[in-house]
Each structure stands twice: as C-alpha cells, then as structure tokens.
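Colleague: I have just opened this one and do not know my way around yet. Could you walk me through the inside of it?

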Amino acid sequence: MVTIKVPTGEVYGKSVSDLQEVEFEDNKATGTLNYVTDYNKFEKGAEGNFLAIEVEEAKNGDTVSFELSDSQKKGTGTLNSKDYLLVCKIHDKSQTITLKNGETTKVLDLTGLTLSPKSE
C-alpha cells in the first residue's frame, strides 16, 4: 500500500500551512500551493510552489521510492522511517509524483492544484 496524507507542523523549517492548503482523495491532490520565498532548508534561496506529503508506510518502516516527473532539480529518491516526508517543488500542474512500495505503485495527479503566483 501507499497511503499519503498532509503533514502537520513544520517541514524543513516552514509551516505546512505556509506552503499549502491541500487535500488528497485517492490519487488526486486538490487545493492551493502558496508561493514561498527563502525556503533555505529545502535549498538555499529556494522559492516557488512546494507540495509536502507524508507517506504512512515509509513512516512505519517501509522503503518507498518516489519520482517527480519533469523535475527541475532532484526528481527521484527514497523515503523511510527516518525521512518519510516528501517536499517537491512544483512548477506545473501537469507534473505527477509516482510512489512505489514493493509491488504497489501510486501516481499522484496534481492537475487539481492551484499554483499561487509570486506576489509583487
């Protein structure tokens, strides 16, 4: 299984509520990704729209691999009990996130997201 949910509290130094107002239903994400600046714990000087998810099976000890389609930076990796939070920089709603846990694959559809623009 691959169970995803919205994390609580902070992810890499930013409050989840500062990053997003998102819900997950089955394989679809809906809601808004806020434009954030100075996300230095993600990457020095990082800014843009970021999606944070928590993978329940990784939190419980499974090793779950991920792949972000059309990524501008690192697009693949693994999650485990020490690092079960996935934060991705999203630049286009047509991107997808593929999560694999053993034989189970889940492709997260991001077309329901609104990417807030940078405020002037």
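Modeller: We can go through the nonpolar cores, then the aromatic rings, and then one polar residue, keeping in mind that this is a predicted model.

Colleague: Okay, the core then. Which residues in the largest nonpolar core touch the most other members?

Modeller: That core has 22 residues, and those that touch the most other members are L51, I53, V55, I97 and L99.

Colleague: And which elements give two or more residues to this core?

Modeller: They are β4 (20-25), β5 (28-33), β7 (48-55), β8 (64-68), β10 (85-90), β11 (96-101) and β12 (104-115). As a general background, nonpolar side chains in soluble globular proteins tend to be buried together.

Colleague: Pick V55 for me. What is V55 in contact with, leaving aside its neighbours within four places in sequence?

Modeller: With those neighbours left out, V55 is in contact with V2, T3, I4, V64, L79, Y84 and L99. Apart from the core that V55 belongs to, there is a second, separate core of 10 residues, and its members include V36, Y39, F50 and V87.

Colleague: Let's switch to the rings. How many aromatic pairs are there?

Modeller: The count comes to three aromatic pairs. In one of them, Y39 and F42 have ring centres 5.6 Å apart and planes at 25°, and because that angle is under 30 degrees the pair is stacked.

Colleague: Are Y39 and F42 buried or exposed?

Modeller: Y39 counts as buried, with a relative accessibility of 1%, whereas F42, at 28%, counts as partly exposed.

Colleague: And how are the rings of Y39 and F50 arranged?

Modeller: Their centres are 4.9 Å apart and their planes lie at 85°, so Y39 and F50 form an edge-to-face pair. Since Y39 sits in the loop between β6 (35-36) and β7 while F50 is in strand β7 itself, this pair ties together parts that are 11 residues apart in sequence. F50 counts as buried too, at 0% relative accessibility, and ring pairs link Y39, F42 and F50 into a cluster.

Colleague: Something polar now. Where is N34 found?

Modeller: N34 is in the loop between β5 and β6, and with a relative accessible area of 18% N34 is buried, because the cut-off for that is under 20%.

Colleague: What does the side chain of N34 reach?

Modeller: The N34 side chain reaches the backbone oxygen of S17 at 3.4 Å. Leaving aside neighbours within four places in sequence, N34 is in contact with S17, D18, L19, Q20, G48, N49, F50 and S116, so F50, already met in the edge-to-face pair with Y39, appears here again.

How values were computed. Residues are numbered from 1 along each chain as its sequence is written. This is a predicted model: local features need pLDDT of at least 70, side-chain atom pairs count only at pLDDT 80 or more; totals for chains, interfaces and linings use all residues. Side-chain values use heavy atoms; hydrogens and water are left out. A nonpolar core is a set of buried Ala, Val, Leu, Ile, Met, Phe, Trp, Tyr and Cys residues joined through side-chain atoms within 4.5 Å. Buried means under 20% relative accessible area, exposed over 50%, partly exposed in between (1.4 Å probe, protein chains only). Helices (H or I, at least four residues) and strands (E, at least two) are DSSP runs, numbered from the N terminus. Contact means heavy atoms within 4.5 Å. Rings of Phe, Tyr and Trp (its six-membered ring) pair if their centres lie within 6.5 Å; planes under 30 degrees apart count as stacked, over 60 as edge-to-face and the rest as tilted. A polar contact is a pair of N or O atoms within 3.5 Å; within protein, one must be able to donate a hydrogen and the other to accept it, and residues adjacent in sequence count only if both atoms are side-chain atoms.
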